[in-house]
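Please open the model in the viewer and keep the sequence panel visible. The tour below proceeds one selection at a time.

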Amino acid sequence: MLKGFRDFVLRGNVMDLAVAVIIGAAFSDITKSLVGDVISPLIAAIVGKPDFSNFVFHVNGGVVKYGSFINACISFLILAAVIYFFLVMPTERLLQRIKGPEATTTKACPQCLTDIPLAATRCKACGEPA
């Protein structure tokens, strides 16, 4: 039983997930600081308030804090942009370099421009010799 648990915990994807959660939590603090201390004050300076979290409106005695929601949306967009531009794009480029160009398996029919296999002698769409 303990051997099975050890194998589960030491499996690659479990360890990767644990590292991702820890790094994500640390990165979340950085993103919150960037939004709260740099971007929100810059944007709010245009509007005239020091922070979006001060934006509220009152409905039947209740307070709706839509400014905090705006801060959370900005934080999410920044986090998504950073992940895409600094993790996803470089990883895709690296994988493309490693794989190299894909082998071509089709060609365009000279008559109708339909993709046909390289070994084909006639186009299946128009019957033109390939």
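Select lysine 107, which in this predicted model is partly exposed, with a relative accessible area of 27%. That value lies between the limits of 20% and 50%, so lysine 107 is classed neither as buried nor as exposed. The residue is found in strand S3. Add proline 117 to the selection and draw a C-alpha to C-alpha distance: the two residues are 10 apart in sequence and 6.3 Å apart in space.

Next, select leucine 113, in the loop between strand S3 (106–108) and strand S4 (115–117). Its phi is positive, about 65 degrees, although leucine 113 is not a glycine. Is this residue buried or exposed? Leucine 113 has a relative accessibility of 63% and therefore counts as exposed, the cut-off being over 50%.

Move now to asparagine 60, in the loop between strand S1 (57–59) and strand S2 (62–64). Here too a residue that is not a glycine has a positive phi, in this case of about 45 degrees. Asparagine 60 counts as exposed because its relative accessibility is 84%.

From there, go to glycine 62, which lies in strand S2. With 28% relative accessibility, glycine 62 counts as partly exposed. Select phenylalanine 8 as well and display the C-alpha to C-alpha distance. The separation is 49 Å in space, for two residues 54 apart in sequence.

The next stop is alanine 20, found in helix H2. At 45% relative accessibility, alanine 20 counts as partly exposed. How far apart are the C-alpha atoms of alanine 20 and cysteine 123? They are separated by 50 Å, and the two residues are 103 apart along the chain.

Now select Ile23, Gly24, Phe27, Ser28, Leu79, Val82, Ile83 and Leu87 together; these residues line the largest pocket. The space in this pocket amounts to about 160 Å³. Which helices each supply at least two residues of the lining? They are helix H2 (12–47) and helix H3. Colouring the selection by residue class shows six nonpolar and two polar residues in the lining, with no charged residue. As background to such a view, rolling a probe the size of a water molecule over the atoms shows where empty space is left.

Keep Ile83 and Leu87 selected, and add Tyr84, Phe85, Phe86 and Val88. These six residues form a nonpolar patch on the surface. Together they have about 600 Å² of accessible area. Ile83 and Leu87 thus appear in two selections, as part of this patch and in the lining of the largest pocket.

Finish by centring on phenylalanine 86, a member of the patch that lies in helix H3 (residues 66–99). Phenylalanine 86 is classed as exposed because its relative accessible area, 62%, is over 50%.

Technical notes. Residues are numbered from 1 along each chain as its sequence is written. This is a predicted model: local features need pLDDT of at least 70, side-chain atom pairs count only at pLDDT 80 or more; totals for chains, interfaces and linings use all residues. Side-chain values use heavy atoms; hydrogens and water are left out. Patches are made of residues with over 30% relative accessible area and no salt bridge: like charges are joined within 9 Å, nonpolar side chains (Val, Leu, Ile, Met, Phe, Trp, Tyr) within 5 Å. Accessible areas come from the Shrake-Rupley method with a 1.4 Å probe; for residues, only the protein chains shown count as cover. A salt bridge is a side-chain nitrogen of Lys or Arg within 4 Å of a carboxyl oxygen of Asp or Glu. Helices (H or I, at least four residues) and strands (E, at least two) are DSSP runs, numbered from the N terminus. Buried means under 20% relative accessible area, exposed over 50%, partly exposed in between (1.4 Å probe, protein chains only). On a 1 Å grid over the protein atoms alone, a cavity is a set of points where a 1.4 Å probe fits but cannot get out, and a pocket is an open set with protein on both sides within 12 Å along at least five of seven lines; lining residues have an atom within 4 Å of a point. Grid points are joined across faces, edges and corners, and a volume is the space filled by probe spheres set on the points. Ala, Val, Leu, Ile, Met, Phe, Trp, Tyr, Cys and Pro count as nonpolar, Asp, Glu, Lys and Arg as charged, and the others, Gly among them, as polar.
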